[in-house]
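Me: I am new to this structure and would like a close look at a single part of it. Please take the packing of one helix against its partners, then a few residues from the loops.

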Amino acid sequence: MSKIQASSALSNLRVLDMSRVRAGPNCVRLLADFGADVIRIEPPKGVDPNEGMFAGNREGGDFQNLNRNKRAMTLNLKKPGALEIMMRLVKTADVVVENWRPDIKKKLGIDYESLAKVNPRIILASISGFGQEGPYAGRPGFDQIMQGMGGLMSVTGIPGQGPVRAGLAVADMSAGLYAGIGILTALLERERSGKGQWVHASLLHAQIAMMDFQAARYLNEGDVAGQAGNDHPTSTPMGLFEASDGVFNLGASGQGNWVRLCELMKHPEWIADPDFSNEKTRTVNRVRCNQILNEVFRTNTVEYWVEALNNAGVPAGPVYNVPQMFEDKHVKQANISKMVKDKAGKDKGFITQPAVLSRTPADVVTTAPQWGEHTQEVLSEVGYSAEEIAKFQEQGVV
């Protein structure tokens, strides 16, 4: 089998993916979709007591989603001789990605200093829960823990109901993306310096960064954001509103949108109402503002209002469940999802990369690999003979 190449953009790069769960594989998926030769390195079956959690259902949508466009090999780094194999792979690689606790890579002998001795151009990307140093560096970290510690749960949900987790893995996904940005930046810098470097990202730092304007408001104005439910924290009218047959989202922030909204709803007197004269007064008087808007919105359907509002230049949109989301005509036409057949001829569905390049776009060309599917192929590429590979298998190294 030849190397997988989803795009020509990063086809000159080799990435060793030693990550698991979500943040690391998400980071590497970005590189794989843009054409990097990604080799997923996992312990042989039965070595990791948590393998069922991290890589058990390889045919499931989640594993397929995170590990498409990758090759896979096995390697037990705790076995004699495994480190030599790893370092031979490192010599041929541009990037290594791992998301273990900070002390583990040192124990295994694959910390940045050790890798750089073998390949000074190597970029090691480390993703962890709390970072590589500090009081909590040794703690394991999962997304919901970071949502709590990173402030997200304090601003999510209906006012007064207590902390609520977001419905998606915000810390995991953002940490993976930040690590991906760091890798690409380090690769670009390497073109000038000729040297690799250590990139690290943490779920906690990423989650706090995703708090963005709530964090900036606190740091600079001392403003402590709370739960705003389906309303925007600082802009009105902006949130969830009621039509005759359901709800829809309205984004009428800013004076221009407010004027257009009042004119569309045939209530120009609202424009001069002192309670609604500007963004600040509308937010102070949000309850009354939302109430009078809903009285009008309830007179017609979601479809009517979404169309009428957008035609008037006021942002609005329906609220979909997942099947409705994929059935939307724009989502279909924008090629946001793609079906790819696995080796058994069964269709697997994937979300394509949101960053669209005009000349060297990303793509999804293969489903996720089977456990150790490319072990012999990869080891052969770095110079091991069939006899040596067979011996490694007998010894449980691969």
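Reply: What follows goes through helix 9 and its two partners, and then two loop residues.

The model is predicted, so local features need pLDDT of at least 70 and side-chain atom pairs count only at pLDDT 80 or more, while totals for chains, interfaces and linings use all residues. Residues are numbered from 1 along each chain as its sequence is written, and side-chain values use heavy atoms, with hydrogens and water left out.

Two packed helices are described by the angle between their axes and the distance between the axes. Axes are lines fitted to C-alpha atoms, for helices over the stretch in contact, with angles from 0 to 180 degrees between N-to-C directions. Helices (H or I, at least four residues) and strands (E, at least two) are DSSP runs, numbered from the N terminus.

Helix 9 covers residues 170-193 and packs against helix 1, residues 23-33, at about 45°, with the axes 7 Å apart. The two are therefore oblique to each other; angles under 35 degrees count as roughly parallel, over 145 as roughly antiparallel, 65 to 115 as roughly perpendicular and the rest as oblique. On the helix 1 side, the contact (heavy atoms within 4.5 Å) includes Ala23, Asn26 and Arg29. Helix 9 contributes residues including Asp172, Gly176 and Ile183. By class, this contact has 10 nonpolar, 3 polar and 2 charged residues. Here Ala, Val, Leu, Ile, Met, Phe, Trp, Tyr, Cys and Pro count as nonpolar, Asp, Glu, Lys and Arg as charged, and the others, Gly among them, as polar.

The other partner is helix 10, residues 203-210, whose axis comes within 8 Å of that of helix 9 and crosses at roughly 100°. Helix 9 and helix 10 are therefore roughly perpendicular to each other. Among the residues making this contact are Val170 and Tyr178 of helix 9, and Leu203 and Met210 of helix 10.

Arg68 sits in the loop between helix 3 (61-67) and strand 3 (71-74). Arg68 counts as buried because its relative accessibility is 1%; buried means under 20% relative accessible area, exposed over 50%, partly exposed in between (1.4 Å probe, protein chains only). Not counting residues up to four places away in sequence, Arg68 touches residues including Arg29, Asp33 and Phe350.

Met18 is in the loop between strand 1 (14-17) and helix 1. At 6% relative accessibility, Met18 counts as buried. The C-alpha atoms of Met18 and Asn99 are separated by 7.5 Å, although these residues are 81 residues apart along the chain.
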